[in-house]
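Hi,

Here is the structure I promised to pass on. Have a look at it first, and then read on for what I found.

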Amino acid sequence: MNKNIFLSLGSNLGNKTDNLKNAINFLGQNENIFVIKKSDIFQSSPMYNIDQDDYYNMVVKIETNFNPLELLDFVKFAESKIGRKVVQLRNMPRLIDIDILTFDKIELNTKELTIPHRKISERKFVLLPWMDIAPNFCVPKINKKVGFLFKNLVKDDNIVDRLSKEYI
């Protein structure tokens, strides 16, 4: 069983809270995925393409029997089942976005998948929810704890606020 796998979930279309709930439920219904911890929900202003609605974001910790590429395949399948449309343009509004942040201590850099996610240390909307559930987790390759990365953010002036004190 692979442990210390963290996923980032985000939504900025439709009922954002329901989209996050649906994603977590869909993940948990797979017999190879076990949702262990969930952060609170955070609202963040969009980055890169700022002409869109705010996002709701959270981070979940899972355990799985999948290898990284099998997990990626299932995540993409889950996104499509929840209603995400595949578009070629980057940073566009989306019903659901699920990113693999880390997968145990594995470092991977392929055309399909980079682990750890290459922009972890730049994203407050990832690090703040991650602080909720694993501030002392040491991110492979970067070799820094989540809490350290959050406290040392320099590029991200994005507004991120805790939206919900309740787990979904």
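Let's start with strand β4, residues 55-64, which is mostly covered: 10 of its 10 residues are buried. Bear in mind throughout that this is a predicted model. The cover on β4 is on both faces. One side has Tyr55, Asn57, Val59, Lys61 and Glu63, the other has Tyr56, Met58, Val60, Ile62 and Thr64, and all of them are buried.

So which strands pair with β4? β1 does, in the antiparallel sense and over 8 bridges. Strand β2 (residues 33-38) is also antiparallel to β4, with 5 bridges, and strand β3 (residues 42-44) pairs with β4 in the antiparallel sense too, over 3 bridges. If you want to find the register on screen, try asparagine 57 of β4: glycine 10 stands opposite this residue, and phenylalanine 42 stands opposite asparagine 57 as well. For β2, go to valine 35, whose bridge partner in β4 is isoleucine 62.

While you are in that area, click on serine 8, which sits in strand β1 (residues 2-11). Is serine 8 buried or exposed? Its relative accessibility is 5%, and the cut-off for buried is under 20%, so serine 8 counts as buried. Setting aside residues up to four places away in sequence, serine 8 touches Met58 and Val59, then Asp97, Ile98, Asp99 and Leu101, and also Val126.

Next, helix α2 (residues 68-82). With 15 residues at 1.5 Å a residue, α2 should span 21 Å, and its end C-alpha atoms are indeed 21 Å apart, so the two values agree. The buried residues of α2 are Pro68, Leu71, Leu72, Phe74, Val75, Ala78, Glu79 and Ile82. Looking down the axis of α2, you will find these buried residues within an arc of 165°, so they line one face of the helix. The face turned away from that buried side carries the exposed residues Asp73 and Lys81.

Both ends of α2 deserve a click. At the N-terminal end the cap is asparagine 67, with a side-chain oxygen 3.0 Å from the backbone nitrogen of leucine 69. After α2 comes glycine 83, which has a positive phi, near 125°.

On to the packing. In soluble globular proteins, nonpolar side chains tend to be buried together. Here, the largest nonpolar core has 26 residues, and Leu7, Leu9, Leu71 and Ile98 are those with the most contacts inside it. At least two residues of this core come from each of β1, α1 (16-29), β4, α2 and β5 (97-103). Which element gives the largest share of this core? That is α2, with 6 residues.

Isoleucine 98 is a good place to centre your view. Leaving aside neighbours within four places in sequence, isoleucine 98 is in contact with Leu7, Ser8 and Leu9, with Ala23, and with Val75, Lys76, Ala78 and Glu79. Apart from this core there is another, of 19 residues, including Phe6, Ile133, Ala134 and Phe137.

Finally, some backbone and surface details to check. Most residues other than glycine have a negative phi, and most peptide bonds are trans. These are the places to look at with that in mind:

- The peptide bond from isoleucine 115 to proline 116 is cis, with omega near -5°. Proline 116 belongs to the loop between β7 (114-115) and α3 (124-133).
- Aspartate 104 is not a glycine, yet its phi is positive, near 50°. You will find aspartate 104 in the loop between β5 and β6.
- Lysine 141 is another non-glycine residue with a positive phi, of about 70°. This lysine 141 lies in the loop between β8 (138-139) and β9 (144-145), and at 52% relative accessibility it counts as exposed.

One more from the surface: asparagine 109, in strand β6 (residues 108-109). Asparagine 109 is exposed, with a relative accessible area of 61%. What does the side chain of asparagine 109 make a polar contact with? The partner is the side chain of threonine 114, at 3.3 Å.

Over to you!

Note on methods: Residues are numbered from 1 along each chain as its sequence is written. This is a predicted model: local features need pLDDT of at least 70, side-chain atom pairs count only at pLDDT 80 or more; totals for chains, interfaces and linings use all residues. Side-chain values use heavy atoms; hydrogens and water are left out. Helices (H or I, at least four residues) and strands (E, at least two) are DSSP runs, numbered from the N terminus. Buried means under 20% relative accessible area, exposed over 50%, partly exposed in between (1.4 Å probe, protein chains only). Contact means heavy atoms within 4.5 Å. The expected span of a helix is 1.5 Å times one less than its number of residues. The arc is that of the directions from the helix axis to the C-beta atoms. A polar contact is a pair of N or O atoms within 3.5 Å; within protein, one must be able to donate a hydrogen and the other to accept it, and residues adjacent in sequence count only if both atoms are side-chain atoms. Two strands pair if DSSP finds at least two bridges between them. A nonpolar core is a set of buried Ala, Val, Leu, Ile, Met, Phe, Trp, Tyr and Cys residues joined through side-chain atoms within 4.5 Å.
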